[in-house]
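Trainee: I would like to go through the terms used for this model and ask what each one rests on.

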Amino acid sequence: MIVGRNDQNLCLRSDFQEKPRIFQGVGLPVARAVELASVTCRTAEGAARQAEALVAELGLPVVIKVPAGGSSVGVEIPRQMADVVAALARLSADAEVLLCEQFVQGVELTAGVLERADGTARSEEHTSELQSHLNLVCR
């Protein structure tokens, strides 16, 4: 969990590359992960080669993420080799790097808490305002 009001914390909440590094730094367990240069997945042959190596290292299913997607945007969990190849090719078109992780069975919990200047909580109705802010500061 990353909390706080500053712009750096807002960016970290949607950065799939940096969050695991922070968690590991404080001793929390994280899934095994591999970063792939997207350019290696942009051809059918490249995506197939990377998929084979990825599945050999992390198994199936595997989680493939665009690093700065946030929430479930730019996240796929293919369960078969052909789907891994397709996901790598699809997601590599919009990112420089793909983050691929070992799938961990469980329940994912997400809670958004927005705060007013006086410290009181704001409702989820303000998420579009937050997204607009993220688009400006996290480029």
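Trainee: Which face of β1 is covered, and which is uncovered?

Mentor: Val 34 and Leu 36 form the covered face of β1, while Ala 33, Glu 35 and Ala 37 form the uncovered one. Buried here means under 20% relative accessible area, exposed means over 50%, and partly exposed lies in between, with a 1.4 Å probe and protein chains only. In a regular strand the side chains alternate between the two faces of the sheet. The model is predicted: local features need pLDDT of at least 70, side-chain atom pairs count only at pLDDT 80 or more, and totals for chains, interfaces and linings use all residues. Residues are numbered from 1 along each chain as its sequence is written, and side-chain values use heavy atoms, with hydrogens and water left out.

Trainee: What makes β2 a strand with both faces covered?

Mentor: Val 62 and Ile 64 on one side are buried, and so are Val 63 and Lys 65 on the other. Across the protein, buried residues make up 29% of the 139 residues.

Trainee: Why is Phe 103 called partly exposed?

Mentor: Its relative accessible area is 23%, which is not under 20% and not over 50%, so Phe 103 falls in between. Phe 103 sits in the loop between β4 and β5 (114-115).

Trainee: Which residues is Phe 103 in contact with, leaving aside its neighbours within four places in sequence?

Mentor: Those residues are Pro 61, Val 62, Val 63, Ile 77 and Arg 79, where contact means heavy atoms within 4.5 Å. Phe 103 and Pro 61 are 42 residues apart along the chain, yet their C-alpha atoms are separated by 5.9 Å. Pro 61 itself lies in the loop between α3 and β2, and the peptide bond from Leu 60 to Pro 61 is cis, with omega near -10°. As background, most peptide bonds are trans.

Trainee: How do you know that β1 and β4 pair?

Mentor: Two strands pair if DSSP finds at least two bridges between them. β1 and β4 (residues 97-102) share five bridges, in the antiparallel sense, so the requirement is met. Opposite partners include Glu 35 with Leu 99, Val 34 with Cys 100 and Ala 37 with Val 97. Strands are DSSP runs of E, at least two residues, and helices are runs of H or I, at least four, both numbered from the N terminus.

Trainee: And how many bridges does β2 make with β4, and with β3?

Mentor: β2 and β4 have four, antiparallel, with Val 62 bridged to Gln 102 and Lys 65 to Leu 99. β2 and β3 have two, also antiparallel, and Lys 65 stands opposite Val 75 there.

Trainee: What makes β1 and β3 edge strands?

Mentor: The open sheet has four strands in the order β1-β4-β2-β3, with antiparallel pairing. β1 (33-37) and β3 (75-76) each pair on one side only, which places them at the edges. Helix α4 (residues 81-92) packs on this sheet, touching β1, β2 (62-65), β3 and β4, and its direction makes about 10° with that of β2.

Trainee: Why is α3 called oblique to α4?

Mentor: The axes of α3 (residues 44-58) and α4 come within 9 Å and cross at roughly 120°. That crossing makes α3 oblique to α4, because angles under 35 degrees count as roughly parallel, over 145 as roughly antiparallel, 65 to 115 as roughly perpendicular, and the rest as oblique. The axes are lines fitted to C-alpha atoms, for helices over the stretch in contact, and angles run from 0 to 180 degrees between N-to-C directions.

Trainee: Which residues of α3 meet α4, and which of α4 do they meet?

Mentor: Ala 47, Ala 48, Gln 50, Ala 51, Glu 52, Leu 54 and Val 55 in α3 meet Met 81, Val 84, Val 85, Leu 88 and Ala 89 in α4. These divide into ten nonpolar, one polar and one charged. Ala, Val, Leu, Ile, Met, Phe, Trp, Tyr, Cys and Pro count as nonpolar, Asp, Glu, Lys and Arg as charged, and the others, Gly among them, as polar.
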